[in-house]
Amino acid sequence: MDLARRLAAFEHADLYVVITEAFCAGRTSLTVLDQILAAGVRIVQLREKDLADRSLYELAREFRRRTEAAGSLLLIDDRVDIALAAGADGVHLGQTDLPVDAARRIAPNLIVGASSHSLEEALAAQAAGAGYVNLGPIFPTATKPDAVAIGVEAIERLIPHLKIPWSTMGGINLGNIAQVVAQGARHPAVMSAVTAAADVTVAARDLRQAIIA
């Protein structure tokens, strides 16, 4: 799939789920992956910062096999090399990872997403060629306890300046997702609200319905 088709698929998707096994409530990441795919999730990010390269590659390949069969996009956190080797659709980069423009040169057909915590960071990512920016954390989140939440109000300040797709992340759950959707969020990103839920498939479906509705 080329970049244009991948970006089109991103735009047509809704819920964006990030999977880290440590936040899967004792289940394997592959078990959770199968359950979110059953709920119709079409954007999945594999986020495993502590795996050895070989283990991460093998896991990414299995994620790719399953997401491809489901018609879902697969993004790899941080690692452009693993994304390319595993045949993923994109890579998601933080502020201390490889620069967006460098990733674009290495992987011109991959979606390159970038975490942004301010207008300056979002505009820099956009200028560097990011396929989308992720704004956050919107609410306080246990996955990044030291991060300062930027609040729902920040979305309204940021989005008029963006010409590329954007997502939101950080502490989003069924109780507050309506707040980000009301600000125009079409691709809210979640982790533990789905991956740590008692019923992963139901949690993902409920969040998707909140976006679609």
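This note reviews the strand order, the helix packing and one turn residue of a predicted model.

1. Basis. Local features of this predicted model require pLDDT of at least 70, and side-chain atom pairs count only at pLDDT 80 or more, while totals for chains, interfaces and linings use all residues. Residues are numbered from 1 along each chain as its sequence is written, and side-chain values use heavy atoms, with hydrogens and water left out.

2. Sheet. Eight strands (DSSP E runs of at least two residues, numbered from the N terminus) form an open sheet with parallel pairing, in the order β7-β6-β5-β4-β3-β2-β1-β8. Pairing requires at least two DSSP bridges between two strands. The edges are β7 (166–168) and β8 (189–190), each of which pairs on one side only.

3. The β6–β7 pair. Strand β6 (residues 132–135) runs parallel to β7 and is joined to β7 by three bridges. Opposite L135 stands T168 in β7.

4. Helix α2. This helix (a DSSP run of H or I, at least four residues) spans residues 29–38 and lies across β1 (16–19) and β2 (43–46), at about 170 degrees to β1. Angles run from 0 to 180 degrees between N-to-C directions of axes fitted to C-alpha atoms, for helices over the stretch in contact (heavy atoms within 4.5 Å).

5. Buried face of α2. S29, V32, L33, I36 and L37 are buried (under 20% relative accessible area, 1.4 Å probe, protein chains only). They lie on the same side of α2 because they cover an arc of only 135 degrees around the axis, taken from the directions from the helix axis to the C-beta atoms. Their cover includes β1, β2, α3 (53–70), α9 (192–195) and α10 (200–212).

6. After α2. G40, just after α2, has a positive phi of about 90 degrees.

Key. Buried means under 20% relative accessible area, exposed over 50%, partly exposed in between (1.4 Å probe, protein chains only).
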